[in-house]
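Me: I have a structure open in front of me and would like a close look at a single part of it. Please take the end of the chain and explain what it sits against, with enough background for a first-year student.

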Amino acid sequence: MSLIVSGGGLRMGQVIGSTNSRGEHPKDRPMTPNDLWATMFRHLNIDPHQTSFIDHSGRPMPILPYGDVIAEL
């Protein structure tokens with residue numbers, strides 16, 4: 001998956017991670033969409049691992065069950 005992200009005080013002009021020569025598989029540092037979400041939440045000053053919502057049966061649902069902040073951004 002490739003993404004272009006800009007604005008919001010993020011550090012720009014960089015490539016993070018790499019793929020094999022044909023672009024089929026991550027070569028180093030595979031990431032998930034939740035990693036990008038964790039990064040966006042961090043920039044909004046929301047801790048995704050401590051923030052949850054209550055579902056219809058009264059149980060807490062985390063806003064992000066997994067994912068790590070992309071520190072380079």
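Reply: What follows starts with the whole chain, then goes to its last residues and their partners, and ends with some places for contrast.

The model is predicted. The protein chain holds one helix and four strands, and from the N terminus on these elements come in the order β-β-α-β-β. Along its principal axes, the C-alpha trace spans about 50 × 30 × 15 Å. The radius of gyration of the protein chain is 15 Å, whereas a compact globule of 73 residues would have one near 11 Å. Buried residues account for 18% of the 73 residues. The chain exposes about 5,800 Å², and 56% of this is supplied by carbon and sulfur atoms. Of the contacts between residues at least 6 apart in sequence, 58% join residues at least 24 apart. The end of the chain gives examples of contacts between parts that are separated in sequence, as the partners of Leu-73 show.

Leu-73 belongs to the segment after strand 4, the strand of residues 60-62. Is Leu-73 buried or exposed? Its relative accessible area is 12%, and the cut-off for a buried residue is under 20%, so Leu-73 counts as buried. What is Leu-73 in contact with, once its neighbours within four places in sequence are left aside? Its partners are Leu-10, Arg-11, Gln-14, Ile-16, Thr-39, Arg-42 and His-43. One of these partners, Thr-39, lies in helix 1, which covers residues 33-43. A distance can be added for another residue, Leu-44: the C-alpha atoms of Leu-73 and Leu-44 are 13 Å apart in space, and the two residues are 29 apart in sequence.

The contact can also be viewed from the helix. Thr-39 is buried, with a relative accessible area of 0%. Leaving aside its neighbours within four places in sequence, Thr-39 touches Asp-68, Val-69, Ile-70 and Leu-73. The contact between Thr-39 and Leu-73 therefore joins two buried residues, one in helix 1 and one in the segment after strand 4.

Next to Leu-73 in the sequence is Glu-72, whose side chain meets that of Arg-29 in a salt bridge, at 2.6 Å from N to O. Arg-29 lies in the loop between strand 2 (26-28) and helix 1, and Glu-72 in the segment after strand 4, so this pair ties together parts that are 43 residues apart in sequence. In general, side chains of opposite charge can pair when their charged atoms come close. Both members of this pair are partly exposed: Arg-29 has a relative accessible area of 37%, and Glu-72 has 29%. Arg-29 also has a backbone feature to look for, a phi near 55°, which is a positive value in a residue other than glycine.

The structure holds three salt bridges, and the other two can be set beside the one at the end of the chain. Arg-22 and Glu-24 meet through their side chains at 3.6 Å, N to O. In that pair Arg-22 is exposed, with a relative accessible area of 66%, while Glu-24 is partly exposed at 44%. Arg-59 and Asp-55 form a salt bridge at 3.5 Å, N to O, and Arg-59 is exposed, with a relative accessible area of 53%. For the charges of the whole chain, the mean positions of the 6 positive and 7 negative ones are 5 Å apart.

Two residues elsewhere serve as a contrast to buried Leu-73. Val-15 lies in the segment before strand 1 (18-19) and counts as exposed, at 76% relative accessibility. The C-alpha atoms of Val-15 and Asn-34 are separated by 18 Å, with their positions 19 residues apart along the chain. Asn-45 is found in the loop between helix 1 and strand 3 (52-54), and it is exposed, with a relative accessible area of 74%. Like Arg-29, Asn-45 has a positive phi in a residue other than glycine, here near 60°.

To return to the part you asked about: Leu-73 is buried and in contact with Thr-39, among others, while Glu-72 is partly exposed and joined to Arg-29 by a salt bridge.

Definitions and conventions: Residues are numbered from 1 along each chain as its sequence is written. This is a predicted model: local features need pLDDT of at least 70, side-chain atom pairs count only at pLDDT 80 or more; totals for chains, interfaces and linings use all residues. Side-chain values use heavy atoms; hydrogens and water are left out. Helices (H or I, at least four residues) and strands (E, at least two) are DSSP runs, numbered from the N terminus. The radius of gyration is taken over C-alpha atoms; the globule rule is 2.2 Å times the number of residues to the power 0.38. Buried means under 20% relative accessible area, exposed over 50%, partly exposed in between (1.4 Å probe, protein chains only). Contact means heavy atoms within 4.5 Å. Accessible areas come from the Shrake-Rupley method with a 1.4 Å probe; for residues, only the protein chains shown count as cover. Lys and Arg count as positive and Asp and Glu as negative; His and the chain ends are not counted. The place of a charge is taken as NZ of Lys, CZ of Arg, CG of Asp or CD of Glu. A salt bridge is a side-chain nitrogen of Lys or Arg within 4 Å of a carboxyl oxygen of Asp or Glu.
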